[in-house]
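User: I am new to this structure. Please pick a single part, look at it closely, and then show me how it connects to the rest.

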Amino acid sequence: MTNQLATWFANNLGQVMPAELVIFLVSLFPILECRGGLIVAALLGVKLWTAVPICIIGNVLPVPFILLLLGSFLKWLKKTRFHKIADKIEERGMKKSEGMKHGEFLGLLLFVGIPLPGTGAWTGSLIATVLNMDRKKAIVPIFLGVLLATVIMTVFSYAFLANVVG
């Protein structure tokens with residue numbers, strides 16, 4: 001799914017916006033994050049050394065806001081008629097966090113850093129919120145996880161994908 005969305009962004013937005021802006025916007029999106037941003041960058045021919053910092057910044061920019069605001073938002077949502085949405089979000093976070101309670105740092109780092117469907121900085125921030133992790137302590141493994149995912153996806157996007165597409 002990430003590859004399909006990334007290809008759509010590259011084919012559509014890549015024609016009407018600067019490539020650097022496209023990869024930044026893609027990196028901001030949940031699901032896509034730096035994984036999608038790096039695929040789009042490779043498809044649009046953006047140089048590796050330009051793409052990597054843009055994707056990292058785009059991916060980590062929402063994290064502090066998610067960590068600061070998500071808990072309050074979920075509490076507020078529970079008081080409204082949309083409480084089932086809050087329950088579903090918390091349920092998703094708890095389900096994704098299974099086995100992480102005792103190894104929060106390493107678990108969160110690996111969860112964010114290994115680019116699999118449903119993982120990443122957005123979901124990692126959700127997990128940290130649901131587990132009531134200290135926000136300051138949660139930012140470090142999330143950031144390191146983004147760096148790990150960036151390394152993995154850089155190899156995939158610029159070594160493998162470039163040879164397949166190019």
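Analyst: **A salt bridge and its surroundings**

The side chains of Lys78 and Glu90 meet in a salt bridge, with N and O 2.7 Å apart. (A salt bridge is a side-chain nitrogen of Lys or Arg within 4 Å of a carboxyl oxygen of Asp or Glu.) Lys78 sits in helix α5 and Glu90 in helix α6, so the pair ties together parts that are 12 residues apart in sequence. The model is predicted, so local features need pLDDT of at least 70 and side-chain atom pairs count only at pLDDT 80 or more, while totals for chains, interfaces and linings use all residues. Residues are numbered from 1 along each chain as its sequence is written, and side-chain values use heavy atoms, leaving out hydrogens and water.

Is this pair buried or exposed? The answer lies in between. Lys78 is partly exposed because its relative accessibility is 38%. (Buried means under 20% relative accessible area, exposed over 50%, partly exposed in between, with a 1.4 Å probe and protein chains only.) Glu90 is partly exposed too, at 24%.

The structure holds two salt bridges. Glu33 and Arg35 form a salt bridge, with their closest N and O atoms 3.8 Å apart. This pair is out of reach of the surface by the numbers: Glu33 is buried, with a relative accessible area of 1%. Arg35 counts as buried as well, at 4%.

Now step back to the chain. It holds nine helices and zero strands. (Both are DSSP runs numbered from the N terminus: helices are H or I, at least four residues, and strands are E, at least two.) The order along the sequence is α-α-α-α-α-α-α-α-α. Of the 166 residues, 41% count as buried. The C-alpha atoms fill a box of roughly 50 × 35 × 25 Å, taken along the principal axes. The radius of gyration is 16 Å, which agrees with the value near 15 Å for a compact globule of 166 residues. (The radius is taken over C-alpha atoms, and the globule rule is 2.2 Å times the number of residues to the power 0.38.)

Next, the helices of the first bridge lead to open space. The largest pocket holds about 600 Å³. (On a 1 Å grid over the protein atoms alone, where a 1.4 Å probe fits, a pocket is an open set with protein on both sides within 12 Å along at least five of seven lines; lining residues have an atom within 4 Å of a point.) It is lined by 25 residues, and the closest to its centre are Pro30, Ile31, Glu33, Thr119 and Thr123. So the buried Glu33 turns up again here. Six helices each supply at least two lining residues: α1 (2-12), α3 (33-44), α5 (63-78), α6 (83-96), α8 (121-130) and α9 (135-165). Helix α5 gives the largest share, four residues. By class, the lining has 17 nonpolar, five polar and three charged residues. (Ala, Val, Leu, Ile, Met, Phe, Trp, Tyr, Cys and Pro count as nonpolar, Asp, Glu, Lys and Arg as charged, and the others, Gly among them, as polar.)

Helix α5 has a part in the next pocket too. The second largest pocket holds about 290 Å³. Its lining has 14 residues, with Gly71, Lys75, Thr129, Val130 and Asn132 closest to the centre. Helices α5 and α8 each supply at least two of them. The largest share, seven residues, comes from α5. Here the classes are six nonpolar, four polar and four charged.

Helix α8 lines both pockets. One of its residues is Ile127. Ile127 counts as buried, at 0% relative accessibility. Its C-alpha atom is 33 Å from that of Leu44, and the two are 83 residues apart along the chain.

Last, the aromatic rings. Rings of Phe, Tyr and Trp (its six-membered ring) pair if their centres lie within 6.5 Å; planes under 30 degrees apart count as stacked, over 60 as edge-to-face and the rest as tilted. By this rule there are three aromatic pairs. In one of them, Phe9 and Phe29 have ring centres 5.6 Å apart and planes at 50°, so the pair is tilted. Phe9 lies in helix α1 and Phe29 in the loop between α2 (19-28) and α3, so the pair ties together parts that are 20 residues apart in sequence. Phe9 is buried at 10% relative accessible area, whereas Phe29 is partly exposed at 40%. Ring pairs link Trp8, Phe9 and Phe29 into a cluster.

Methods: Points joined across faces, edges and corners; volume = space filled by probe spheres on them.
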